[in-house]
Each structure stands twice: as structure tokens, then as C-alpha cells.
Amino acid sequence: MWNSDRQQQQNGVITSTNTGTQQNTNNGSRSGSQNPPKQLGMTSAISLAGPRPEDVQKTDELRKALEPYKVFETEEELNHRMEILAKLNTLVKQWVKDVSIAKNMPEAAASKLGGKIYTFGSYRLGVHHKGADIDALCVAPRNIERSDYFTSFFDLMKKQPEVTECRAVEEAFVPVIKMNFDGIEIDLLFARLSLKEIPDDFDLRDDNLLKNLDPRSVRSLNGCRVTDEILSLVPNIENFRLALRSIKLWAKKHGIYSNSLGYFGGVTWAMLVARTCQLYPNATAATLVHKFFLVFSRWKWPHPVLLKHPDNVNLRFPVWDPRVNASDRYHLMPIITPAYPQQNSTFNVSESTKKVILMEFNRGMTTTDEIMLGRASWDRLFEAPSFFYRYRHFIVLLVNSQTADDHLEWCGLVESKIRLLIGNLERNQHISLAHVNPKCFEHKKGNTNNTNNNNNNNNTSCSQNSSGNEEDKTGGSQQTTSTVTSSPFCSMWFIGLEFERTENLNVDLTESIQNFTEHVIQHGVNIKMLKEGMSIEARHVKRKQLSQYLDADFLKKERKSMESHNNFNNQIMANRKRLSTEMQKDGSNGSTNTNVKRSRVSESNEENSNASSDAGGATTPTTPTSTQQTPPTFSNANSKQATPVEDHSDNSNSGGGGAGAGNANGNSTPNSNTATASAQPATEVACS
């Protein structure tokens with residue numbers, strides 16, 4: 001629970017109003033200093049130990065392991081970004097001047113108004129990768145209206161020869177102009193300040209700037225303010241950046257990087273790494289990555305993660321506070337932004353995405369344990385686990401459009417709403433997990449597949465009439481050959497389903513899916529986006545039917561990934577068994593090596609206790625566990641008495657999770673789903 005007692009103010013953060021000065025101070029070495037280190041964060045550090053030679057070596061290995069993934073830009077590419085931002089800044093100044101003159105302001109006065117481009121997000125943090133977009137903010141003085149930004153400035157940008165794909169999203173929660181400026185994607189927000197002029201050295205971190213601002217401007221300013229606060233709250237900028245690059249790459253590879261789908265976004269990962277840096281201020285990047293998994297796999301959620309004590313600013317903007325706001329009490333993994341007005345950056349997290357994130361935290365801790373012990377390389381951390389061999393049943397969302405521009409907008413809308421479908425599925429008492437893959441797959445034209453005729457009858461229902469009945473085994477006597485879609489543009493999202501262990505189960509998912517698709521279509525109508533040819537369709541597919549939607553080579557890679565993670569998991573278990581045996585032998589011989597080995601094993605446990613005390617709770621892992629699930633079989637919902645049908649598709653490989661994660665519920669038992677359907681109580685599920 002939120003704790004804002006003033007007695008904890010001594011645990012607050014010492015900040016500097018000059019970001020550049022703070023960074024220079026932070027980058028300095030603390031080794032050998034006689035002055036006590038500054039405390040950063042809500043609590044004191046877990047460890048002030050400096051790096052050992054092996055830690056430095058692991059950091060060098062980590063940096064080399066990141067290079068093939070193109071997370072570093074060359075000097076030429078960095079200069080190109082700076083040139084683009086300089087051009088954009090010049091255009092903003094000229095636009096402010098021209099609009100002011102058009103409003104009958106003298107030219108001499110209009111020339112002094114200024115206007116400025118600020119960056120935030122990954123570029124401002126210094127952790128952007130090759131080809132990454134730039135999040136930026138256009139700040140204008142009080143005589144410039146938001147309507148000017150989305151009319152005259154938007155028209156100005158479309159006329160620039162370097163700009164392509166320029167589009168305005170004015171109705172968004174945070175209004176934005178998106179564009180491609182000389183090969184770089186830019187998301188440009190707008191904020192109108194209550195100031196007559198905007199000087200070039202203007203600092204946005206002053207809370208008084210928010211006075212008399214409209215909520216949309218405050219939300220637009222929030223990105224820059226939060227980013228600058230994060231940079232001022234970490235003890236060593238360079239170590240923070242390398243660790244954050246590693247964690248972001250890991251999160252993307254493991255499919256938990258998407259704020260809109262209920263996972264963590266870029267600013268959330270930055271805050272978690274920053275908190276790890278505060279707890280281990282003198283650690284190298286490699287150690288920080290290891291401690292990151294140690295801390296947050298043991299964090300006692302929903303205790304919030306905070307980088308500093310909340311500022312006592314009363315400008316009447318809503319802030320995250322579960323004592324006051326009842327809705328804040330239901331947030332599952334609150335991670336609070338450090339700048340006023342403080343917000344929870346993870347309010348989209350659902351029960352399912354929480355389970356997946358915790359499972360990956362535990363998997364990451366197991367993997368980095370092996371890496372730090374020298375039994376694995378950093379490449380193992382960045383290997384993507386198999387998603388499509390983790391589950392037997394999926395819902396596939398097909399989003400269809402007639403033109404490329406329409407498809408871009410339609411997919412954006414659908415993606416922003418998918419978490420509503422996850423919520424609908426979670427409310428079904430028989431579904432224990434609805435795991436959405438954040439990757440959007442493009443359907444290749446020309447694929448011919450066996451699909452049910454009912455797909456074309458109702459786009460708001462699961463397409464498979466029986467989804468596992470006798471026709472599924474015999475090849476589908478009542479099915480006809482047709483293409484997956486006739487639309488020229490089709491994108492797909494996949495949701496893996498995991499069911500509770502229940503006998504004689506019959507589940508109809510039609511209502512959950514219809515509610516979702518109807519909501520999306522109605523919203524498209526309300527914002528006047530829905531056009532002819534735009535449609536959304538949901539189908540139930542089994543794992544053996546995925547070849548109808550996905551490339552065969554891709555599925556082969558998925559299978560290899562599953563096998564690789566299972567082998568790694570088995571290797572870890574063997575190593576632990578061997579270590580346990582050696583410790584027992586040494587103990588029986590009275591060897592002094594016993595204390596050494598036990599100290600290595602218990603080191604993590606001691607730090608777990610410290611990390612958990614920082615989280616305000618016990619030391620037990622918070623990853624949810626469950627009994628081994630029964631692979632469900634699907635039957636016709638219209639039949640009076642359904643006949644259970646075995647699902648023989650890769651039963652022995654369904655537990656495709658890696659080390660420490662046998663299934664998507666977070667079980668740490670390896671290969672926990674290897675039992676076949678015939679060995680379990682019959683479960684019948686219908687999707688009609």
C-alpha cells in the first residue's frame with residue numbers, strides 16, 4: 001500500500017535542478033571516496049559493494065553480446081538524428097513566428113517568442129536502438145493554440161520534402177502528429193505553456209509550469225518531465241544505460257514489451273532498472289541485470305515501485321494514491337512515475353499479463369544465475385522462448401482492410417483494444433490464462449487453407465464450429481478449401497489459452513468475443529474511422545492448425561526454440577542436483593569447501609530478504625503457481641452429448657517454457673505439461 005508518512009522524508013532523493021550537473025556527478029567514480037554516498041530512492045541501498053574483476057569482465061561480455069542485435073548506433077547515425085531535430089526545432093520557431101504575425105502581432109515581438117523541441121523516451125535516455133523512433137514534444141507560448149498545431153503546423157510538415165507518412169491523431173488521449181522525417185519515425189506531441197516566451201534554455205522540470213494548463217498539455221509534458229527525473233535519480237548514467245539496453249532487448253525478445261497490450265512499456269522498464277541502480281549504486285551493468293531479476297522476481301506486488309518520495313504539489317491534477325482513489329487499489333503491479341502528477345505507468349496490466357511477466361522474471365533470474373556462474377553466455381538471455389508451442393489452443397484475431405493507410409489506422413485501433421478481449425476471457429471461470437503475443441503477424445497472400453464456412457457468417461464469433469470434433473481428426477469432411485482472408489491487407493494477433501483443470505467442461509467463448517468485436521467496431525464508427533472493407537474476425541485454432549496462418553519455417557524455429565529451452569532447463573536441473581550432491585558429500589567429509597559453496601548458494605537468499613523488505617513484504621516468491629492443467633478438447637456446442645476427442649498435436653512438447661517455467665502459470669517444474677490428453681480427465685470446450 002502507498003506509504004506517504006512524512007517520517008520517511010529522510011529516505012527521499014537528493015536531486016539537482018541542473019540535469020547536466022547531476023549527470024556529471026553521477027558518472028564520477030565513488031571508489032576511494034571518503035564522503036558517504038548520496039541515498040537515492042525510498043530506502044537505503046541493499047549493497048554498496050564495488051565491482052569485482054569478474055563483474056567487469058561480465059559487463060564487457062554483455063556489451064559484446066548486445067552488438068549483433070543492433071542496439072547501438074554509429075556516430076554517423078547519431079549525428080543524423082541531431083540534424084533532424086535541429087531542422088525540426090527551426091521549423092517550430094518559424095511556425096510560431098508566422099502564426100503570431102498572422103494574429104496581428106508585430107514581427108519584432110513575434111521573433112522573440114521562441115518555441116522549442118524537447119525529446120523524451122528512449123532517445124532522451126540514451127538507449128535507443130538502430131532505426132528506433134524519436135519521441136518529441138513541441139512546446140509553444142500561450143498565444144499559440146492547439147488548433148493551430150493540428151492545422152497550420154500539420155500542413156507545414158506535410159509540405160516538407162523530407163517528411164512522409166505524416167498523419168495527425170488529434171482525438172488520442174495524448175494528441176500526436178506522427179511522421180517519417182528523413183528516414184526517422186517521429187511522434188511529436190504538443191504543449192502550450194502559460195508563458196509569453198519560450199527561451200532556449202528552458203527547464204520543464206519546474207512544477208509551477210503546470211499551473212493553468214489544460215490536461216492534454218500536462219499529459220504531453222509528462223513524458224519529458226519523467227525522463228529527466230529518471231536520469232537525475234540514478235547513481236551512474238552509463239551503467240544504467242547499458243543495463244537498460246539489455247533489459248529492453250530481453251523484454252522484447254520474451255514478448256512482454258507493450259504498454260497497450262497490458263505488459264510494460266519503455267518508461268516502465270526504465271524505472272525498474274533505475275530502482276535496481278538505486279539499490280546497487282556501485283554495481284556494473286552486468287551485475288545490475290542480474291540483480292534486476294533478483295529484486296523484481298521477489299517483489300511483493302501490488303506494493304508500488306517508487307523512485308522518490310511523491311512531491312507535495314497541489315495543483316489539483318489527479319495523482320496515483322490508493323488512499324484517495326478507489327480504482328488505484330485494484331492496480332496489480334503499480335510502478336509510479338517520479339514527476340508530478342505521479343501516475344501508475346502499468347494500469348493496463350491484467351491478471352494474465354501479470355502471470356506472464358512474473359514467469360519471465362523468474363526465468364530471467366534462473367538464466368542470469370547460470371550466466372554469472374559461467375555456465376551460460378549472455379546470448380541465452382536474449383533467446384526468444386517459444387510461444388506457439390507453449391499452448392495447444394489459440395484465438396487468432398484477423399484485422400482486414402482494403403488500403404495501406406486504412407490498415408495502419410485500423411490495426412492501431414484494434415491493438416489498443418485487445419486488452420479488453422483479454423479481460424473478457426479472464427472473466428470466464430474456466431480460463432486460467434489468456435496470453436496475448438504482442439507481435440503483429442502479417443498474413444501473406446496466396447496461402448490456401450482449410451477453414452470452416454462459418455468464418456464468413458459472423459465476424460464476431462470464433463470461426464471453428466467444433467474446433468476439435470471428429471472432422472478435425474479426419475481432415476474436415478464438412479469443410480471447404482478457402483483462403484484465410486480475401487482482403488488485400490490482413491494482420492493477425494494470437495492469444496494462447498490455458499484452461500483450468502475441470503472434468504466435463506464445456507465453454508462457449510462466443511459472447512466474450514462478440515462483446516469485444518462489437519465494441520471495437522462501434523468505437524470505429526464513433527470516431528469516423530470505420531470504412532468499407534474494414535473488418536475484425538476472431539477464430540479458434542489448435543496448434544496443429546497454425547500452419548494455415550504462419551510460415552512453416554517460422555514454426556520450425558519455434559519448435560527448435562522450445563527444444564533449446566527444454567534442454568537448457570534440464571541442464572540447470574542437472575547442475576543443481578550435482579551441486580546438492582557435492583555439498584552433501586563435502587558436509588559428510590567435514591570439508592571447509594562446504595561453507596564456501598553454501599555461501600554462494602545463500603548469497604541470493606540474503607539479498608532476496610533485503611529486496612523484499614524494500615518491497616514491504618516477505619521473501620517468498622510471488623509467482624503464481626497452479627496444479628498441472630488438463631489439455632482441453634473441443635466439441636460441438638450444439639450437440640446434446642459431446643464426445644471427448646483426444647488432442648494428439650505435440651502433447652509431449654506442450655511445456656515449451658524455459659528454465660524455471662514449465663507452463664504459462666509460472667510453475668517451476670520442468671516439462672510439467674508432458675502428459676497426454678488421454679491420461680487426463682476429459683475436458684470439453686466449445687467455441688461457437
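**Exercise 1. Locate Asp-135 and Asp-133, and list what each one contacts.**

Step 1. Asp-135 lies in strand β2; helices (H or I, at least four residues) and strands (E, at least two) are DSSP runs, numbered from the N terminus. The structure is a predicted model, in which local features need pLDDT of at least 70, side-chain atom pairs count only at pLDDT 80 or more, and totals for chains, interfaces and linings use all residues. Residues are numbered from 1 along each chain as its sequence is written, and side-chain values use heavy atoms, with hydrogens and water left out.

Step 2. Contact means heavy atoms within 4.5 Å. Leaving aside neighbours within four places in sequence, Asp-135 is in contact with Tyr-118, Thr-119, Phe-120, Gly-121 and Asp-187.

Step 3. Asp-133 sits in the loop between α5 (121-125) and β2 (134-140). With the same exclusion of neighbours within four places, Asp-133 is in contact with Arg-81, Ser-122, Glu-185 and Asp-187.

Step 4. Asp-133 counts as partly exposed because its relative accessibility is 29%; buried means under 20% relative accessible area, exposed over 50%, partly exposed in between (1.4 Å probe, protein chains only).

Step 5. An unreviewed UniProt entry places the feature "binding site" at Asp-133 and Asp-135. UniProt positions are given in the numbering used here, feature names are shortened, and annotations may be inferred rather than shown by experiment.

**Exercise 2. Classify the partners in the salt bridges Glu-73 with Arg-81 and Asp-148 with Lys-103 as buried or partly exposed.**

Step 1. A salt bridge is a side-chain nitrogen of Lys or Arg within 4 Å of a carboxyl oxygen of Asp or Glu.

Step 2. For Glu-73 and Arg-81, the closest N and O atoms are 2.9 Å apart. Glu-73 is buried at 16% relative accessible area, and Arg-81 is buried at 0%.

Step 3. For Asp-148 and Lys-103, the closest N and O atoms are 2.7 Å apart. This pair links distant parts of the chain, 45 residues apart: Asp-148 is in helix α6 (residues 146-159), Lys-103 in the loop between α3 (75-102) and α4 (107-110). Asp-148 is buried at 14%, whereas Lys-103 is partly exposed at 40%.

**Exercise 3. Where does the largest nonpolar core lie?**

Step 1. A nonpolar core is a set of buried Ala, Val, Leu, Ile, Met, Phe, Trp, Tyr and Cys residues joined through side-chain atoms within 4.5 Å. The largest has 110 residues, and Trp-250 and Phe-361 are among those with the most contacts inside it.

Step 2. Domain 2 (234-372) and domain 3 (384-444 + 486-579) both contribute residues, so this core lies between them. Domain bounds come from an automatic or database domain assignment.
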